[in-house]
Amino acid sequence: MPATRPYIIGNWKMNGLAADLGIVAEIAAAARAHPHVDVALCLPATLLREAAARAGEALAIGGQTCHARAAGAHTGEISAPMLADAGARLVMVGHSERRADRGETDADVCAQAKAALAAGLHPVVCVGESLADRDAGQAEAVVTGQLTRSLEGIDRQQVTIAYEPVWAIGTGRTASPDDVAAMHGALRAHVGPGPRLLYGGSVKPDNAAALLATAEVGGVLVGGASLKAESFAAIIAAAAAVA
Ligand code: PGA
């Protein structure tokens, strides 16, 4: 029995047009059908306001990143207050694709998480090791190091942590339940009681139940399988079954 409500977050990444807002409404209906599961969907900024209007209370809408500053001369960037203004309730920071594509460092991620909290958004802090790190036996050291630096000066009770091994994202490879249990145990020892620890990386309807039943896994962060209401709803239902 998990001590807290399972938390299921979808991440649409750079996908989604206005024509896809009907999917958001279907996911909101699935969230309403499972009131003991916390459900959120992190969307492209262009969809936030309309999605939030359609989502209602049961489905929280979130951003996928935010700038560390609240406003200013940063062409093309989006700040945490802007996300909140558009109806977001949470924001992911430090997703591995941003660390890789944009060179975001743990210090950047920490500043973004602080900006999110200052704007009243719940930060979902993402960490994860590369395959080279894992093969070198460094996975736990790398991930706990990322966490230490990404959460410096932040009240850990106010964040969610998503562990996403880089080699499992979008690859169809999932970490084994044993590996996930070992990492989540290490993360729990590192951050102490309180924050929910999510697993992410090729979570699908057919593996969600086993992952959600793993010790210290308080939810999942779902990329590809959140793009279709049917597969994301199946993952929400799997969470309801273990809740
Ligand atoms: P995936 O993405 O489920 O498509 O592997 C997970 C993520 O990047 O958050």
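**Exercise 1. How do the residues of the shell around the ligand divide into nonpolar, polar and charged?**

Before we start: this is a predicted model, where local features need pLDDT of at least 70, side-chain atom pairs count only at pLDDT 80 or more, and totals for chains, interfaces and linings use all residues. Numbering runs from 1 along each chain as its sequence is written, and side-chain values use heavy atoms, with hydrogens and water left out.

*Solution.*
- Step 1: sort by type. Ala, Val, Leu, Ile, Met, Phe, Trp, Tyr, Cys and Pro are nonpolar, Asp, Glu, Lys and Arg are charged, and the others, Gly among them, are polar.
- Step 2: read off the shell. You get four nonpolar, seven polar and two charged residues.
- Step 3: put names to it. Around the ligand sit 13 residues (near means a heavy atom within 4 Å), and K13, H95, E164, G170 and S202 come nearest.

**Exercise 2. Find polar contacts of the ligand.**

*Solution.*
- Step 1: look for pairs of N or O atoms within 3.5 Å.
- Step 2: check K13, whose side chain has an N or O atom 2.7 Å from a ligand oxygen.
- Step 3: try G170. Here a backbone N or O atom is 2.6 Å from an oxygen of the ligand.
- Step 4: now the cover. The ligand alone exposes 280 Å², and the protein buries 97% of that (Shrake-Rupley method, 1.4 Å probe).

**Exercise 3. Sort the lining of the largest pocket by residue type.**

*Solution.*
- Step 1: count the lining. There are 22 residues, with M14, Q64, T65, R98 and R102 nearest the centre. A pocket is an open set of points on a 1 Å grid over the protein atoms alone, where a 1.4 Å probe fits, with protein on both sides within 12 Å along at least five of seven lines; lining residues have an atom within 4 Å of a point.
- Step 2: sort them into nine nonpolar, seven polar and six charged.

Notes. Polar contact = N/O pair within 3.5 Å; in protein donor to acceptor, adjacent residues only side chain to side chain.
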